Amino acid sequence: MVATTADSAEKIIIFDTTLRDGEQVPGSQLNTLEKIEVAKALEELGVDVIEAGFPISSPGDFKSVVEISKVVSNPVISALTRAKEKDIDVAAEALKYAKKGRIHTGIGTSPYHIYSKFNSTPEQILERAVQMVKYARKYVDDVEFFAEDAGRSDNAFLAQVVEAVIAAGATVINLPDTTGYCTPYEYGEKIRYLKENVANVDRAVLSAHCHNDLGMATANALAGIMNGIRQVECTINGIGERAGNTSLEEIVMILKCRKDIPAYTDIDTTKILKTSRLVSNLMRMPVQANKAIVGRNAFAHSSGIHQDGVLKNRENYEIIDPADIGVTDSSIVLTARSGRAALDHHLRRLGYNLSHAELDVAYSKFLVVADAQKSVSDDDLRNLAGTEMVEDARRIKLDYLQVVCGKDAIPMATVRLLIDGEACVATASGNGPIDASINAVRQLITQKVTLEEFLIQAFTRGTDDVGKVHIQVANKGKVFYGFSANTDIITASVNAYIDAVSKVI
Ligand SMILES: CC(=O)SCCNC(=O)CCNC(=O)[C@H](O)C(C)(C)COP(=O)(O)OP(=O)(O)OC[C@H]1O[C@@H](n2cnc3c(N)ncnc32)[C@H](O)[C@@H]1OP(=O)(O)O
Ligand SMILES: CC(C)C(=O)C(=O)O
């Protein structure tokens, strides 16, 4: 276990492999310019190492490692190779402009890899590992060795390999759970075993590279940290081969949030969201809404009890301050599950200070809109606050509206109004559903008015939007305005008309 005093907190090196393992996601390949853009964002984010590619794999990947090496100065630039001289030669060539270059070479150490991938023996694998580390050291001082499938490797053989490659000059030892098979307990125990059984283990940094096949990639990296891992290999949004890798934002925020874990990173967490969006867009990999830290809903509170709790004290329901990762929007999302506290919060933010009684009225109006929409925006609230949220003191109220319309149908409307509490019904036709509805209203409200203007507007958000209706009527030379908003534009039109005519009366 790592020590538990705050002053002995250990720095965890963040090795980002978005551009290598992340880029192994089918359909997510980037061109060199896009890779440079991501690399610069990773540098701004404060990662310590950028794995820029696998230079022997293609001329494009080679070029990307070269170009990234030229423009990135702070992080170490790492290039992946197999345990082959040719791969190492090409990687060294690609890294020639890197201010701090690292060759990341290695070979599989599990029985699967030894016997059924390489058709080899443990002795031959050990020998090749040592030779290739020595070979890479001829080019660079910083050589990372990966023991592929360390997760399923025999611990005693793994310890033998690790000891030998450290003696051969490896500065970092990567212990990948390549297939995402380990449980956190097993992975932690593996690291502890190596710490206790490898001579000179402290000459090298131990690194975790965990895959997410069983959803344990971040938990395994954390278990590693608790047992001596000092570098975590991770990707933005957790992307990577198959189910992906430890996600950078998760491991970084765990270490920031859990002060009882004596480890920290140098990541500027306020840039996490921005970097996540960039990677998602460039790599055409949408982030699932409930993804920890960077998902659209990661900080969204939509239910009334939670919203009330957050408004009383953010920490009632939030373990992370959204601003810490660069979230600037309000986390209180208005939906039909919201309560008065959340509605009042947003109305005050928009400058509407309602009394208790007004808020009650507003709330019931709000629920009608919220039920009709997935969420209620500021624009919706402004509309509602404009008219619908004030106590409806009009003598005339729309009680019922039914419209028949469609292609080749004769538009017909039936309205029932409550005029001073008395129900009156009328039916009329028109040249469209709104015309038919207003004609029906006119049969019941005989007040003479001239319709001077009728305007319907939608906000640009989609088919579930609220329609706003502005009406201008004239009576005896005076102008009266009516307004209403509703997801049903015919209801909004009738209400706006009633609003205007009520003012005349
Ligand atoms: C776990 C990981 O994520 S490792 C990284 C995975 N990423 C990639 O594979 C992407 C880049 N890969 C490539 O572009 C290609 O696979 C190349 C250029 C590396 C090799 O291409 P090819 O020469 O056509 O070989 P191919 O891909 O068919 O097979 C891989 C070969 O590498 C060998 N190999 C695999 N890993 C290693 C290793 N760590 N050390 C040495 N040899 C290895 C395999 O045994 C196989 O060789 P064989 O055909 O003699 O059995
Ligand atoms: C090449 C190594 C580091 C790897 O990606 C893995 O084992 O998953």
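This report describes a predicted model, moving from its barrel and annotated site to its cores and its antiparallel sheets.

## The barrel and the annotated domain

UniProt, in an unreviewed entry, places the feature "domain: Pyruvate carboxyltransferase" at residues 12-273. Over residues 12-273 the chain is 42% helix and 18% strand, and the C-alpha atoms at the two ends of this stretch are 21 Å apart.

A barrel is closed by 8 strands in the order S2-S3-S4-S5-S6-S7-S8-S9, with parallel pairing, and the twist from one strand to the next averages 25°. One of the pairings joins S8 to strand S9 (residues 231-234) in the parallel sense over 3 bridges, and here Ser-207 stands opposite Gln-231 in S9.

Helices lie across several of these strands. Helix H6 (residues 155-168) lies across strand S6 (143-148) and strand S7 (172-177), running at about 165° to S6, while H8 lies across S7, S8 and S9 and runs at about 165° to S8.

## The annotated binding site

The UniProt annotation "binding site", again from an unreviewed entry, covers Asp-21, His-209, His-211 and Asn-245. Although these residues span 225 residues in sequence, no two of their C-alpha atoms are more than 10.2 Å apart, so they gather at one spot.

Asp-21 lies in the loop between strand S2 (13-16) and helix H1 (32-45), and it counts as buried because it has 23 C-beta neighbours inside 10 Å, where 20 or more are needed. When neighbours within four places in sequence are left aside, Asp-21 is in contact with Thr-235, Gly-240, Glu-241 and Asn-245, and Asn-245 is itself covered by the annotation.

His-211 is found in the loop between strand S8 (205-210) and helix H8 (217-226), and with 25 other C-beta atoms within 10 Å this residue is also buried. Not counting residues up to four places away in sequence, His-211 touches Asp-177, Thr-178, Thr-179, Gly-180, Ala-217, Gly-240, Glu-241, Arg-242, Ala-243 and Asn-245. Gly-240, Glu-241 and Asn-245 thus appear among the contacts of Asp-21 and among those of His-211.

## Two nonpolar cores

In soluble globular proteins, nonpolar side chains tend to be buried together. The largest nonpolar core of this model has 92 residues, of which Ile-50, Val-162 and Ile-173 touch the most other members. Ile-173, leaving out residues up to four places away in sequence, touches Phe-145, Val-162, Val-165, Ile-166, Ala-204, Leu-206 and Ser-207. Apart from this core lies another, of 39 residues, among them Val-403, Ala-413, Leu-417 and Ile-498.

## Strands S11 to S13 and the Pro-411 loop

Strand S11 (residues 396-404) and strand S12 (residues 412-419) run antiparallel and are joined by 8 bridges, with Lys-397 standing opposite Leu-418 in S12. S12 is joined in turn by 8 bridges to strand S13 (residues 422-429), again antiparallel, and the bridge partner of Met-412 in S13 is Ser-429. S12 and S13 form a hairpin with 2 residues between them, and Asp-420 in the turn has a positive phi of about 50°.

Pro-411 lies in the loop between S11 and S12 and counts as buried, with 20 C-beta neighbours inside 10 Å. Pro-411 and Ala-428 are 17 residues apart in sequence and 8.5 Å apart in space, C-alpha to C-alpha. Leaving aside neighbours within four places in sequence, the contacts of Pro-411 are Val-404, Cys-405, Ser-429, Gly-430, Asn-431, Gly-432, Pro-433, Asp-435 and Ala-436.

## The open sheet and helix H16

An open sheet is formed by 3 strands in the order S14-S15-S16, with antiparallel pairing; strand S14 (450-458) and strand S16 (478-486) are its edge strands, each pairing on one side only. The twist averages 15° from one strand to the next. Strand S15 (residues 467-475) is joined to S16 by 9 bridges, and Lys-468 stands opposite Ala-485 in S16.

Helix H16 (residues 489-504) lies across S14, S15 and S16, running at about 150° to S16. Its 16 residues reach 23 Å from the first C-alpha to the last, close to the 22 Å expected at 1.5 Å a residue. Because 12 of the 16 residues of H16 are buried, the helix is largely enclosed by the rest of the structure. The buried residues include Ile-489, Tyr-497, Ile-498 and Val-501, and Ile-498 belongs to the core of 39 residues.

Methods: Residues are numbered from 1 along each chain as its sequence is written. Chains are lettered from A and ligands numbered from 1 in the order in which they are written. This is a predicted model: local features need pLDDT of at least 70, side-chain atom pairs count only at pLDDT 80 or more; totals for chains, interfaces and linings use all residues. Two strands pair if DSSP finds at least two bridges between them. Helices (H or I, at least four residues) and strands (E, at least two) are DSSP runs, numbered from the N terminus. A nonpolar core is a set of buried Ala, Val, Leu, Ile, Met, Phe, Trp, Tyr and Cys residues joined through C-beta atoms within 7 Å. Two residues are in contact if their C-beta atoms, placed from the backbone, lie within 7 Å. UniProt positions are given in the numbering used here, feature names are shortened, and annotations may be inferred rather than shown by experiment. The expected span of a helix is 1.5 Å times one less than its number of residues. Axes are lines fitted to C-alpha atoms, for helices over the stretch in contact, and angles run from 0 to 180 degrees between N-to-C directions.
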